[in-house]
Amino acid sequence: MKEISLCAAGKQYLRGHSRGILLYCIFAGVFALVFYLYHLPLEAVLYAALLCAVLALLVLTADFYRYYQRCRVLGDLQQQIMFSLEGLPEAKGLLEKEYQELIAALYRDKIRLVSQADNERRDLVDYYTLWAHQIKTPIAAMGLLLQSLPSAEDDGSTAQSMEQNRELAIELFKIEQYVEMVLQYLRLESPSSDFVLKRYALDDIVRQAVRKYAKMFIRKKISLDFSQLNCDVLTDEKWLVFVIEQILSNALKYTREGKISIYMEREGAKTLVIADTGIGIAGEDLPRVFEKGFTGYNGRRDKKSTGIGLYLCRRILTKLSHTIVIEGEPGKGTKVKIGLDTLDTVME
């Protein structure tokens with residue numbers, strides 16, 4: 001709500017009544033001239049002018065007070081008018097009545113457009129949710145077909161053929177992850193996101209994500225340094241697993257050789273760290289990595305980034321009252337820190 005100062009209201013009032021004040025000054029000059037031409041005593045002229053000025057000042061003061069009160073009422077209504085037109089001051093005069101009718105017409109049109117936009121968005125979300133669920137069926141079928149292919153020992157397939165099958169399996173896994181990202185995005189945008197807060201062993205949550213990407217670790221020959229975490233956290237298991245999966249996916253995508261480390265930052269603090277020895281992040285990109293659709297220098301270079309993963313991570317962690325910070329330098333890897341003790345502090 002915008003606060004209306006007395007000084008600003010006074011300036012607006014004088015500007016709005018400038019013609020009346022000017023007209024009063026002209027009339028006062030006319031009367032003074034007439035009195036002078038008739039050789040009336042100067043004291044009588046001054047006395048009459050003073051009385052008129054005092055009366056005008058009293059009238060203007062009372063009128064300005066009412067004007068200022070109405071301005072404050074209208075200022076207070078700036079937030080309420082988003083939901084209802086109740087509380088509008090009574091129209092004083094035909095012009096104000098016409099303005100209020102115009103506001104009412106605009107409000108009704110706004111409600112209609114908002115309702116129409118909500119319905120269209122709901123239809124779109126329903127369509128993409130249905131599509132994401134339906135596309136998972138052929139993805140699962142393709143995965144089963146790849147698994148059922150005979151091995152090289154069984155049918156004498158060439159090493160090249162086996163390598164192609166492994167590449168297809170990896171690409172199919174990526175498709176499945178992108179579809180899962182769409183579903184999580186739609187669920188997160190829903191006003192009734194299914195958050196279930198419980199205490200979980202952080203080791204179990206991290207292992208779920210690591211197991212999912214085990215083939216990627218093996219395929220890229222990236223070693224995993226996973227220290228025992230020995231930490232319980234108050235969180236939502238499904239959503240936190242998704243966040244860790246996204247971070248691991250990014251680490252694997254931008255790490256050509258070396259290792260990915262998962263550990264607690266220091267004893268006593270619930271800060272999970274996922275560090276890699278990848279290509280790092282440019283300093284100018286760090287402040288914007290969580291923006292929706294921002295891909296940064298690395299994403300523009302390899303043209304594989306969507307700019308959605310980290311955006312979703314921060315939104316999810318914010319809803320869970322967790323925090324996320326990313327540190328990195330080009331050529332020196334990236335370090336992601338997830339603060340998990342904020343919700344515990346709030347609950348205490």
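Here are a few exercises with worked solutions on this predicted model.

**Exercise 1. The sheet**

Work out the order of the strands in the open sheet, and find which strands stand at its edges.

*Solution.* Start with the order: the 5 strands run β2-β4-β5-β7-β6, and their pairing is mixed. Next, look at the two ends of that list. β2 (223-226) and β6 (323-328) each have a single partner strand, so one side of each has no neighbour in the sheet. Going from one strand to the next, the twist averages 15 degrees.

Now take the pairing apart. As background, strands of a sheet pair through backbone hydrogen bonds, in either a parallel or an antiparallel way. β2 pairs with β4 (residues 259-264) in the parallel sense, over 4 bridges. Two of the residue partnerships here are Asp225 with Ser261 and Leu224 with Ile260. On to β4 and β5: these two pair in the antiparallel sense, over 5 bridges. There, Ile262 has Ile274 of β5 as its bridge partner.

**Exercise 2. Helices on the sheet**

Find which strands are touched by helix α7 and which by helix α11.

*Solution.* Begin with β2 and its surroundings. Helix α7 (residues 202-212) packs on the sheet and touches β2, β4 and β5 (271-276). The direction of α7 makes about 175 degrees with that of β2. Then move to helix α11 (residues 309-319), which also packs on the sheet but touches β6 and β7 (334-339). Its direction makes about 145 degrees with that of β6.

**Exercise 3. Two helix pairs**

Decide how α7 lies relative to α9, and how α9 lies relative to α11: roughly parallel, roughly antiparallel, roughly perpendicular or oblique?

*Solution.* First pair: α7 and α9 (residues 237-253) pack at about 50 degrees, with axes 9 Å apart. That angle makes α7 oblique to α9. The crossing of α7 past α9 is right-handed. On the α7 side the contact involves residues including Leu202, Ile205, Val206 and Ala209, and on the α9 side residues including Leu240, Val241, Ile244 and Leu248.

Second pair: α9 and α11 pack at about 150 degrees, with axes 10 Å apart. Angles over 145 degrees count as roughly antiparallel, and α9 and α11 are therefore roughly antiparallel to each other. This time the crossing is left-handed. Among the contact residues are Trp239, Phe242 and Val243 of α9, along with Leu310, Leu312 and Ile316 of α11.

**Exercise 4. Zooming in on Leu312**

Say whether Leu312 is buried or exposed, and list what it is in contact with beyond its neighbours in sequence.

*Solution.* Place the residue first: Leu312 is in helix α11. Its relative accessibility is 1%, so Leu312 counts as buried. In α11, Leu312 shares that status with Gly309, Leu310, Tyr311, Cys313, Ile316 and Leu317. Now for contacts. Setting aside neighbours within four places in sequence, Leu312 is in contact with Met181, Tyr185, Leu188 and Phe242. For a distance along the way, the C-alpha atoms of Leu312 and Glu291 are 9.4 Å apart, while the two residues are 21 residues apart along the chain. Before leaving α11, check what comes just after the helix: Ser321 takes a positive phi of about 65 degrees.

**Exercise 5. Aromatic pairs**

Describe the ring pairs Tyr13–Tyr67 and Phe173–Tyr213, and say which parts of the chain they bring together.

*Solution.* For each pair, two values are needed: the distance of the centres and the angle of the planes. The structure holds 6 aromatic pairs. Tyr13 and Tyr67 make a tilted one, at 5.4 Å centre to centre with 55 degrees between the planes. Tyr13 is in helix α1 (residues 6-16) and Tyr67 in helix α3 (residues 42-80), so this pair ties together parts 54 residues apart in sequence. Check their burial too: Tyr13 counts as buried at 4% relative accessibility, whereas Tyr67 counts as partly exposed at 27%.

Then turn to Phe173 and Tyr213, an edge-to-face pair at 5.2 Å centre to centre, with 90 degrees between the planes. Phe173 lies in helix α6 (residues 159-189) and Tyr213 in the loop between α7 and α8 (214-220), 40 residues apart. Both Phe173 and Tyr213 are buried.

Last step: look for a bigger grouping. Ring pairs link Tyr13, Phe64, Tyr67 and Tyr68 into a cluster.

Notes
Residues are numbered from 1 along each chain as its sequence is written. This is a predicted model: local features need pLDDT of at least 70, side-chain atom pairs count only at pLDDT 80 or more; totals for chains, interfaces and linings use all residues. Side-chain values use heavy atoms; hydrogens and water are left out. Two strands pair if DSSP finds at least two bridges between them. Axes are lines fitted to C-alpha atoms, for helices over the stretch in contact, and angles run from 0 to 180 degrees between N-to-C directions. Contact means heavy atoms within 4.5 Å. Rings of Phe, Tyr and Trp (its six-membered ring) pair if their centres lie within 6.5 Å; planes under 30 degrees apart count as stacked, over 60 as edge-to-face and the rest as tilted. Buried means under 20% relative accessible area, exposed over 50%, partly exposed in between (1.4 Å probe, protein chains only). Angles under 35 degrees count as roughly parallel, over 145 as roughly antiparallel, 65 to 115 as roughly perpendicular and the rest as oblique. A crossing is left-handed if the near helix is turned anticlockwise from the far one by less than a right angle, and right-handed if clockwise.
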